[in-house]
Amino acid sequence: MKYRFCGNSGLQLPMISLGLWHNFGYVDNYATARDIVFHAFDKGITHFDIANNYGPPPGSAEANFGRMLSEGLKNHRDEIIVTSKAGHLMWDGPYGDGGSRKYIMASINQSLKRTGLEYFDIFYSHRYCSETPLEETVQALIDIVKQGKALYVGLSKYPVDKAAEACEMMRQQNVRCLIYQDRYSMLSRKPEGSHFAMCREQGLGFIAFSPLAQGLLTNRYINGIPDGSRAARDGGFLHREDITPELVEKIKLLDAMAARRRQSLAQMTIAWLLAKPGMTSVIVGASSVGQLDNNIAAVDNIEFTIEELAEIDAILNQ
């Protein structure tokens, strides 16, 4: 595994990080999840990304990861980066969602208890909450660092102006925002318009989640919607109607291009992200050790010619 410094800090993150958003809750096979996490560490993935509401049910991904720590990873605590977040709905009632100090402080205490950790390496505000004064959310993050419950703090899915404002508030109290996390893929390029520049100006690292667009940027849906896939399930983030004939045609062209590069489409997609200036790491999910290995292999070829980049843009814009 190769590592990159996170923004203007001394912390290095692996180019590929493992996210526990899907496949690591109580509804999933624990032995498979554990094998994936342990294999990831053996392959040099030192960064494990969680959130309080990951599961399902909410909290179960953290609890399962805590169990994995006790079964072997805890001996390597100083060799790994564990991150968690608070911001989305976690429990019922007025204090289980949003950006209030009450919610954030309760959330990190619960998350530390579920994982059995004394501190998180990075703790995020998982989303911007317009109903909470920004200074209240930011002060909670500052205090989390000063209380020793997290070494660093980060922001996720913030409007660019609010993210910059939050960074300045932290800086005034000698706590630096380390990293910004957002959805970013070939099919979701919003961060390019503004957040990349903000991260450069503020000295933040950038880490991308959902790099394969919930599996769309693989060859899984080229010949229809397989049973058991995310698009075939009810209640997920990917729906059958998202997979249009126009999108499938683009995916076929990208898949053919990846084959010419001797990569899978997933590998080319991840490599394309890692080739972006300022990209610190890409968070991948996995439902098997084999799938994880396929994604890890993306780091072996992240070089693109000008012609290849132009071809990708042409395919996506057609």
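Pro-57 turns up in the loop between S4 and H2, and in this predicted model the residue is joined to Pro-56 by a cis peptide bond, with omega at about -10°. Step back by one residue and there is another cis bond: Gly-55 and Pro-56 are joined that way too, here with omega at about -5°. Pro-56 likewise belongs to the loop between H2 and strand S4, the strand covering 47-49.

Helix H2, residues 60-70, brings up the next feature, since this helix gives the most to the lining of the second largest pocket, with 3 residues. The volume of that pocket comes out at about 160 Å³. Going along the chain, the lining takes in Gly-66, Leu-69, Ser-70, Lys-74, Arg-77 and Asp-78, together with Thr-115, Gly-116, Leu-117, Glu-118 and Tyr-119. Sorted by character, the lining of the second largest pocket has 4 charged residues, 4 polar ones and 3 nonpolar ones.

Next come the helix pairs. Helix H1 (residues 30-42) packs against helix H9 (residues 289-296) at an angle of about 30°, and their axes lie 9 Å apart. Angles under 35 degrees count as roughly parallel, and H1 and H9 are therefore roughly parallel to each other. As for handedness, H1 passes H9 in a right-handed crossing. On the H1 side, the residues that meet H9 are Asp-35, Ile-36, His-39 and Ala-40, while H9 brings Val-289, Leu-292 and Asp-293. This contact of H1 with H9 is made up of 4 nonpolar residues, 2 charged and 1 polar.

Helix H5 (residues 160-172) and helix H6 (residues 195-202) form another packed pair, this one with an angle of about 15° and axes 10 Å apart. H5 and H6 are therefore also roughly parallel to each other, and H5 passes H6 in a right-handed crossing. From H5, the contact draws on Val-160, Ala-163, Ala-164, Cys-167 and Arg-171; from H6, it draws on His-195, Met-198 and Gln-202. Broken down by type, the contact of H5 with H6 has 5 nonpolar residues, 2 polar and 1 charged.

One more backbone detail is worth a look. Asn-174 sits in the loop between H5 and strand S8, which spans 177-183. Phi of Asn-174 is near 60°, a positive value in a residue other than glycine.

How values were computed: Residues are numbered from 1 along each chain as its sequence is written. This is a predicted model: local features need pLDDT of at least 70, side-chain atom pairs count only at pLDDT 80 or more; totals for chains, interfaces and linings use all residues. Side-chain values use heavy atoms; hydrogens and water are left out. On a 1 Å grid over the protein atoms alone, a cavity is a set of points where a 1.4 Å probe fits but cannot get out, and a pocket is an open set with protein on both sides within 12 Å along at least five of seven lines; lining residues have an atom within 4 Å of a point. Grid points are joined across faces, edges and corners, and a volume is the space filled by probe spheres set on the points. Helices (H or I, at least four residues) and strands (E, at least two) are DSSP runs, numbered from the N terminus. Ala, Val, Leu, Ile, Met, Phe, Trp, Tyr, Cys and Pro count as nonpolar, Asp, Glu, Lys and Arg as charged, and the others, Gly among them, as polar. Axes are lines fitted to C-alpha atoms, for helices over the stretch in contact, and angles run from 0 to 180 degrees between N-to-C directions. Angles under 35 degrees count as roughly parallel, over 145 as roughly antiparallel, 65 to 115 as roughly perpendicular and the rest as oblique. A crossing is left-handed if the near helix is turned anticlockwise from the far one by less than a right angle, and right-handed if clockwise. Contact means heavy atoms within 4.5 Å.
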